[in-house]
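Student: I've got the sequence and model open and would like to talk through the packing, the sheet and a few loops. Can we start with a pair of helices?

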Amino acid sequence: MKTHLLLGLFGLALVAQLAVPAAMILKRERVLAHGQAFKFRTAPVDPYDAFRGRYVALGFDGNSVAAPPGHEFARGQTVHVRLEEDAEGFAKLAELRRDRPDAAPYLTTKIQYVGGNQVHLRLPFDRFYMDENEAPAAEGIYRQNSVRSNRNAYVQVRIDKGFAVLEDLYVDGQPIRTYLADHPQAGRR
Amino acid sequence: MSPKYVRWFLGELPSLLESGVIDGATAERLRRHYGTAAGKSRNWALTVFGILGGTLVGLGLILLLAHNWADLSRAARTALAFAPLVAAQLLALWVFRAGRESAAWREGLGLFWTLAVGAAIALVAQTYHIPSDAGRFALTWMLLALPIVYLLNATGPALVYLAGLAFWAGDVQSNGGQALPFWPLAALILPHVVSAARGNPYAARPALLFWGLAVALSVALGITLEKILPGLWIIVYGALFAVLYLAGEFWFGEAPSVWQKPFQTFGAVGGVALAFLLTYDWPWQEIGWHYLRHGAAYHGFAATLDYALAALLPVAAIVLLVGSVRRGKSHALFIGALPILAVLGYALAAQPRGENAAIALFNLYVFVVGLGLLVRGFRARRSGTVNLGLVVVFALILLRFFDEDLGFVFRGVVFVLLGLAFLVVNLVLARKKGAAQ
């Protein structure tokens, strides 16, 4: 009896350990396959994560949106923001909401901080993980192309039902790894 | 006993037998007892090497995956993410079926398995550029790894679990959330602690777990307090350290070494450190205006824990203190008095200009604790206790000497008077000694 219970628990634990990473993968694969693509223009920000490796730290320009009147918002709160595209085809945060919009594309995320009437959102794609040999050069290129005088970098994100998955980082219209291959000296000190 | 002495002692047995001090049966029993003791130290080495091996392999795999092999497809990365985890699971099944019960297997594999779970989630996060929510990463990891503690009956993963949970709690609270679930989640480890401590609570496994619990308890308490009523932490922490110390003395009083007294040691060191903090004016002055949490970061329900702890912990401390004094352990008063003084200081600081009284109270308290340790050490002729007392007293003297908040004349007069008092006591003691001789 006790052995059966133990074996059952054993099985459950094994399945859970496999199921959670698998679910993480499936959810994102689905968004990458079916989600709507958006381009977010990046703005200037030696990132390193012991578990997940080197990455390019991403910052974003238009990450704030006006608070709708009559509502109070605070740090850490989960909110939904309706997305629009501007004239150049970049994503724009259009309207902040507490409830999920029915049809329009939207992004679900958390509030970073509230400054007066402006609510600053934490865009849930702040890291672009890269090969440890490529990441430093990529970071350099990304910085050079994200300054005010030269705004040439953006990320493509796929979004489905508010859930966003970062697809790629683009510089000068090319995915960063292609750009690196074409400009071997770029971004190196 | 170290193997050297065991060998010496076993070598003595024939002569003891010859001279009739012990009989043959006793000699055999002694041989068997010390023989297994020597064997135990070999098992211990195997366990330590097993732990080092499992940890290093696991960490190495995480580093290899963190390199981020950019040319691998997402499918290949998925396979890579699962490979170490599945390997650990298969090994565990084998250990389970083959009945490999040794601590070396259980602890070594347990740590490797725990790390393999983390590696799998980390690689998925890397592949899909999942944002930097370190707290959530830690929580997912710890919850998935918890069953390992029970499946393998392994203590290493239990300690990792406590550390990971504490990390999660800190991350949640610093981002405006509330980490109260820490307590029920941490309690999930208790059955393991109880089963490990059954039999000999002073063995290495329970001692390690008790240290882990004492640290996790003290850290997590400060993290999860809602801190709505400013300064309440003074009472809560004062009582917590006293309860840790007194509970240790009460239930694990016969521990032979400091290392086997995790609750006493942690409670005493924490209590004295807290008392030192309270000899400054900032903790007292911040009462009344320092509101740490507000807006969406304000969680009214969570403050219930603050109030409950502020009421229950001091009561628990006083009950334990009375019990200890009744058993003749009057030295428990030193740390045991801390919650009473904390409540007193809190009440004093609520009066206009009352901080000064509270500060004076704690200066006096630290001084008395230091002197008490000195006297106890001299009486029992224990140089360790004497040195500890000296450290406390001298630390207090130095801190006050450099304390800018007190006037020069005031400090000077107090120092000279105290110094004279010591000299007079010395003179009296020397005369008494002379008269006795």
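Student: Is the crossing of α11(B) and α16(B) left-handed or right-handed?
Tutor: Helices are DSSP runs of H or I with at least four residues, strands are runs of E with at least two, and both are numbered from the N terminus. A crossing is left-handed if the near helix is turned anticlockwise from the far one by less than a right angle, and right-handed if clockwise. For α11(B) with α16(B), the crossing is left-handed.

Student: Before we go on, what pLDDT do local features need in this predicted model?
Tutor: Residues are numbered from 1 along each chain as its sequence is written, while chains are lettered from A and ligands numbered from 1 in the order in which they are written. This is a predicted model, where totals for chains, interfaces and linings use all residues, side-chain atom pairs count only at pLDDT 80 or more, and local features need pLDDT of at least 70.

Student: Back to our pair: at what angle do the axes of α11 and α16 of chain B cross?
Tutor: Axes are lines fitted to C-alpha atoms, for helices over the stretch in contact, and angles run from 0 to 180 degrees between N-to-C directions. Here the axes of α11 (residues 262–277) and α16 (residues 355–380) of chain B come within 8 Å, and they cross at roughly 145°.

Student: How many nonpolar residues are there in the contact of α11(B) with α16(B)?
Tutor: Two residues are in contact if their C-beta atoms, placed from the backbone, lie within 7 Å. On the α11(B) side you have Val272(B), Ala275(B) and Phe276(B), meeting Phe362(B), Tyr365(B), Val366(B) and Val369(B) of α16(B). With Ala, Val, Leu, Ile, Met, Phe, Trp, Tyr, Cys and Pro counted as nonpolar, Asp, Glu, Lys and Arg as charged, and the others, Gly among them, as polar, the split is no charged, no polar, and nonpolar: seven.

Student: What is the distance between the end C-alpha atoms of α9(B)?
Tutor: The expected span of a helix is 1.5 Å times one less than its number of residues. Helix α9 (residues 204–224) of chain B has 21 residues and should therefore span 30 Å, and its end C-alpha atoms agree with that, being apart by 30 Å.

Student: Which elements do the buried residues of α9(B) pack against?
Tutor: Buried means 20 or more other C-beta atoms within 10 Å of a residue's own, exposed means 12 or fewer, and partly exposed is in between, with C-beta atoms placed from the backbone. Among the buried residues of α9(B) are Arg205(B), Leu209(B), Phe210(B), Leu213(B) and Thr224(B). In chain B, their packing partners are α6, α7, α8, α10, α11 and α13.

Student: Which element gives the largest share of the side of chain A that touches chain B?
Tutor: The interface puts 33 residues of chain A in contact with 34 of chain B. Elements giving two or more residues to the chain A side are α1 (2–34), β3 (53–57), β10 (127–129) and β14 (163–171). With twelve residues, the largest share is from α1(A).

Student: Which are the edge strands of the open sheet in chain A?
Tutor: Two strands pair if DSSP finds at least two bridges between them. The sheet has five strands in the order β5-β9-β8-β6-β7, with antiparallel pairing. Pairing on one side only are β5 (64–66) and β7 (91–97) of chain A.

Student: Which residue in β9(A) is the bridge partner of Val114(A)?
Tutor: Strands β8 (residues 106–115) and β9 (residues 118–122) of chain A run antiparallel and are joined by five bridges. In their hairpin, with two residues between the strands, Gly116(A) takes a positive phi near 60°. Opposite Val114(A) in β9(A), the partner is Val119(A).

Student: Is Arg353(B) buried or exposed?
Tutor: Arg353(B) isn't a glycine, yet its phi is positive at about 55°. Its place is the loop between α15 (338–349) and α16 of chain B. Because just 8 other C-beta atoms lie within 10 Å, Arg353(B) is exposed.

Student: And Lys161(A), buried or exposed?
Tutor: Lys161(A) also has a positive phi, of about 50°, without being a glycine. Lys161(A) sits in the loop between β13 (153–160) and β14 of chain A. Since 12 other C-beta atoms lie within 10 Å, Lys161(A) is exposed.
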